[in-house]
Amino acid sequence: MGRAFQNRKESMAKTADAKTKVYSKYGREIYVCAKSGGTDPSGNLTLRGLIDKAKKDQVPSHVIDKAIDKAKGSGGEDFSAARYEGFGPGNCMVIVECLTDNPNRTFGDVRGCFTKTKSKIGTQGTVSHMFDHCAIFAFAGDDEEAVLEALMEADVDVTDIESEEGRITVFAPHTDYAKAKQALLDAFGELEFEADEIQFLPQTHTPVEGDDVAMFEKFIDMLNDLDDVQNVYHNAELPESA
């Protein structure tokens, strides 16, 4: 699987406005995760991983705490997951994950990003069959065999394990996320995860060249500017200088 998960373009919080968007997206995701799986991170491993990731991205504690406190209430917003698929500039494949309280608005906003960049939004399943939906864990270590043994003992359906430059990366089906993480923590104690998430990894890549490069960057920026968009996955392969 290589380093595909590291190559995903993520919006960087370069301005105060961009940081606010990042905080908002984490706050929404933490709220939904805590609301559905429990507000105690020790009993909700997905929430625990999300909080760790938020802290690494320098999300302030008060943003995290506010989202969890909100989830403890009986009311609150009713967010639901929405996923859109299609073909971006240069005919690359794109998956857009959202959390929304208004699916009609979100679909219109996402569709607008596609149409304004000469891209084509499709139906559910249009491109997702060309991606692997994986749980990914990366941490310091070099004993690949011990890691594989621990995961197999926990009945985790390991897709792949890589060991490179003192770091081990584990790939497993997204449905085994909690089981795989618990097995790693049980076997090796408190691990400092460099990666701890669920992603869509492309099975193939599409070179994006020429004028399509600038259009692709515009497309990704437009999607990342939408409050409802949580993650954007694609199989675009950009020139080194891009």
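**Notebook: a four-stranded sheet, its helices and a buried glutamate**

I began at strand S3, where I found that Ile121 is the bridge partner of Gly86. Before going on I noted that this is a predicted model, in which local features need pLDDT of at least 70 and side-chain atom pairs count only at pLDDT 80 or more, while totals for chains, interfaces and linings use all residues. Residues are numbered from 1 along each chain as its sequence is written, and side-chain values use heavy atoms, with hydrogens and water left out.

**The sheet**

I took helices (H or I, at least four residues) and strands (E, at least two) as DSSP runs numbered from the N terminus, and I counted two strands as paired if DSSP finds at least two bridges between them. S1 and S3 run antiparallel and are joined by two bridges. I then traced the open sheet of four strands, which has the order S3-S1-S2-S9 with antiparallel pairing. Strand S3 (120-121) and strand S9 (229-234) stand at the edges, and because each has a single partner strand, one side of each is left without a neighbour in the sheet.

Between S1 and S2, which run antiparallel, I found eight bridges, and Tyr84 has Val96 in S2 as its bridge partner. These two strands form a hairpin with five residues between them, and Gly90 in the turn has a positive phi of about 75°. Strand S2 (residues 93-100) is joined to S9 by five bridges, again antiparallel, and there I saw Ile95 standing opposite Tyr233 in S9.

**Helices across the sheet**

For packing I used contact in the sense of heavy atoms within 4.5 Å; axes are lines fitted to C-alpha atoms, for helices over the stretch in contact, with angles from 0 to 180 degrees between N-to-C directions. Helix H4 (residues 103-115) lies across strand S1 (80-87), S2, S3 and S9, and runs at about 20° to S1. Helix H7 (residues 211-225) lies across S2 and S9, running at about 155° to S9.

I looked at H7 residue by residue, calling a residue buried under 20% relative accessible area, exposed over 50% and partly exposed in between (1.4 Å probe, protein chains only). Val213, Phe216, Phe219, Ile220, Leu223 and Asn224 are buried in H7. Seen down the helix axis, the buried residues of H7 fall within an arc of 125° (taken from the directions from the axis to the C-beta atoms), so they line one face of the helix. Asp211 and Ala214, on the other side of H7, are exposed.

**Two loop residues with positive phi**

Which residue lies in the loop between helix H2 (45-56) and helix H3 (61-72)? I found Gln58 there, with a positive phi of about 65° although it is not a glycine; Gln58 counts as exposed because its relative accessibility is 63%. In the loop between H4 and S3 I came to Lys118, another residue other than glycine with a positive phi, near 55°, and Lys118 is exposed at a relative accessible area of 75%.

**Glu197**

Last, I asked whether Glu197 is buried or exposed. Glu197 lies in strand S7 (residues 193-202) and counts as buried, because its relative accessibility is 14%. I counted a polar contact as a pair of N or O atoms within 3.5 Å, where within protein one must be able to donate a hydrogen and the other to accept it, and residues adjacent in sequence count only if both atoms are side-chain atoms. The Glu197 side chain makes such a contact with the side chain of Lys53 (3.4 Å) and another with the side chain of Gln199 (2.9 Å).
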